[in-house]
Amino acid sequence: MIVSNLEIIPGKRIQQHFGLVQGSSVRAKHVGRDIMAGLKNIFGGELRGYTELLQESRQEAYDRMLEQAKAVGANAVLNVRFSTSSVAAGAAELFAYGTAVILE
Amino acid sequence: MIDLIILISLLALGYGFGQYAEKKHYTSIRKRELILRSVPVVASKIPPQGKPNYDSQLVSGSVVVSVDYFKRFVAGLKSLFGGRITSYETLLDRARREAILRVKREAKDMGAEMVFNIKLETASIHKGRGNGIGSVEVLAYGTALIPN
């Protein structure tokens with residue numbers, strides 16, 4: 001499965017378009033991590049716990065997108081975009097979407 | 001009185017650790033930027049034509065950074081008068097450069113020659129309490145072109 005955020009893959013032709021595939025995941029913060037983050041808010045610096053948390057949930061959104069692409073029979077997802085929005089206080093939605101295609 | 005002492009000690013702690021952390025982070029960023037200069041990151045959408053022997057792979061890097069107490073306090077004062085808030089500028093600058101460095105690191109580990117169509121996405125988290133921005137997440141992603 002080729003996943004790329006380019007519209008064209010060099011050297012490959014698009015045979016068939018399947019339209020948009022997407023995946024999302026909503027995560028809430030974890031109390032333990034929140035306390036650490038509160039401390040870091042005084043000292044400044046990287047919040048490793050949050051970086052990991054967001055990365056995990058983004059990976060989940062990404063995996064869901066790939067599942068959808070596989071289900072329609074695509075072998076590549078092009079023009080992938082990520083987006084983040086906060087739905088409620090303390091929760092974030094991570095969203096990944098792209099175009100499923102069959103490449104030669 | 002107690003409140004004042006707590007505030008002052010928080011400011012002092014924030015100032016001390018914050019300055020130290022920022023300085024350390026900048027030194028490390030500069031060092032890694034020099035090392036990873038061999039992997040150019042390009043914002044162009046169109047991949048190089050005429051050289052079709054590339055594999056492409058999505059790479060991403062993200063970082064969550066927080067501003068310290070002192071800088072948030074200063075930014076709060078600044079927002080009364082308006083003007084540039086340099087303390088947040090350096091925060092975002094650090095976050096973006098760090099995210100791009102992580103993309104480059106991942107691309108280099110894959111043996112990529114360059115990274116195309118880089119996109120940067122910024123989200124502010126930890127909005128809950130008060131109106132302080134607190135921490136930001138920056139995500140950078142792009143397509144790594146790996147010669148095969």
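## Starting at the edge of the chain A sheet

How many bridges join E1(A) to E4(A), and do these strands run parallel or antiparallel? In this predicted model, E1(A) and E4(A) run parallel and are joined by 2 bridges. At that pairing, Val3(A) sits opposite Val77(A) of E4(A).

Now for the rest of that sheet. It is an open one with 4 strands, ordered E1-E4-E5-E2 in chain A, and its pairing is mixed. The edges are held by strand E1 (2-3) and strand E2 (14-28) of chain A; each has a single partner strand, so one side of each has no neighbour in the sheet. Further in, E4(A) and E5(A) run antiparallel, with 10 bridges between them. Two pairs help to fix the register: Thr84(A) has Leu94(A) of E5(A) as its bridge partner, and Phe82(A) has Ala96(A), also in E5(A).

## The helix lying on it

H2(A) lies across E2, E4 and E5 of chain A, and runs at about 145 degrees to E2(A). Does the helix have the length one would expect, or not? With 24 residues at 1.5 Å a residue, H2(A) should span 34 Å, and its end C-alpha atoms are indeed 34 Å apart, so the two agree.

The buried residues of H2(A) are Tyr50(A), Leu53(A), Leu54(A), Arg58(A), Ala61(A), Tyr62(A), Met65(A) and Ala69(A). Note that Arg58(A) is on that list. After the helix comes Gly73(A), with a positive phi near 90 degrees.

## A sheet shared by two chains

The other sheet to look at takes strands from both chains. It is open and antiparallel, with 4 strands in the order E3(A)-E1(B)-E3(B)-E2(B). E3 of chain A and E2 of chain B stand at its edges; each has a single partner strand, so one side of each is left without a neighbour in the sheet. On this sheet packs H3(B), which touches E1, E2 and E3 of chain B and makes an angle of about 150 degrees with the direction of E1(B).

The link across the chains is made by strand E3 (residues 45-46) of chain A, which pairs with E1(B) in the antiparallel sense over 2 bridges. There, Glu46(A) has Val65(B) as its bridge partner in E1(B). Within chain B, E2(B) and E3(B) run antiparallel and are joined by 10 bridges, with Val115(B) opposite Ala144(B) of E3(B).

## Where the chains touch

How many residues of each chain take part in the contact between chain A and chain B? On the chain B side there are 40, in contact with 31 residues of chain A. The elements of chain B that give two or more residues to its side are helix H1 (2-35), strand E1 (54-66), helix H2 (69-81), strand E2 (114-125) and strand E3 (135-147). E1(B) provides the largest share, 8 residues. By residue type, the chain B side divides into 19 nonpolar, 13 polar and 8 charged.

Thr51(A) gives a close-up of this contact. This residue lies in helix H2 of chain A and, leaving out residues up to four places away in sequence, touches Glu46(A), Ser62(B), Val63(B) and Val64(B). Is Thr51(A) buried or exposed? Neither, quite: Thr51(A) has 19 other C-beta atoms within 10 Å and burial takes 20 or more, so Thr51(A) counts as partly exposed.

## The nonpolar core

The largest nonpolar core has 48 residues, and those with the most contacts inside it are Val77(A), Ala99(B), Val103(B) and Val115(B). At least two residues come from each of helix H2 (48-71), strand E4 (76-88) and strand E5 (91-103) of chain A, and likewise from each of E1, helix H3 (86-110), E2 and E3 of chain B.

Val115(B) is a handy residue to click on. Beyond its neighbours within four places in sequence, Val115(B) is in contact with Val39(B), Val41(B), Val42(B), Val59(B), Val103(B), Lys104(B), Ala107(B), Gly142(B), Thr143(B) and Ala144(B).

## The short helix of chain B

H2(B) has 13 residues, which at 1.5 Å a residue should span 18 Å; its end C-alpha atoms are 19 Å apart, which agrees. Its buried residues are Tyr69(B), Phe70(B), Lys71(B) and Arg72(B). Just after H2(B) sits Gly82(B), with a positive phi of about 80 degrees.

Note on methods. Residues are numbered from 1 along each chain as its sequence is written. Chains are lettered from A and ligands numbered from 1 in the order in which they are written. This is a predicted model: local features need pLDDT of at least 70, side-chain atom pairs count only at pLDDT 80 or more; totals for chains, interfaces and linings use all residues. Two residues are in contact if their C-beta atoms, placed from the backbone, lie within 7 Å. Ala, Val, Leu, Ile, Met, Phe, Trp, Tyr, Cys and Pro count as nonpolar, Asp, Glu, Lys and Arg as charged, and the others, Gly among them, as polar. Two strands pair if DSSP finds at least two bridges between them. The expected span of a helix is 1.5 Å times one less than its number of residues. A residue is buried if 20 or more other C-beta atoms lie within 10 Å of its own, exposed if 12 or fewer, and partly exposed in between; C-beta atoms are placed from the backbone. A nonpolar core is a set of buried Ala, Val, Leu, Ile, Met, Phe, Trp, Tyr and Cys residues joined through C-beta atoms within 7 Å. Axes are lines fitted to C-alpha atoms, for helices over the stretch in contact, and angles run from 0 to 180 degrees between N-to-C directions.
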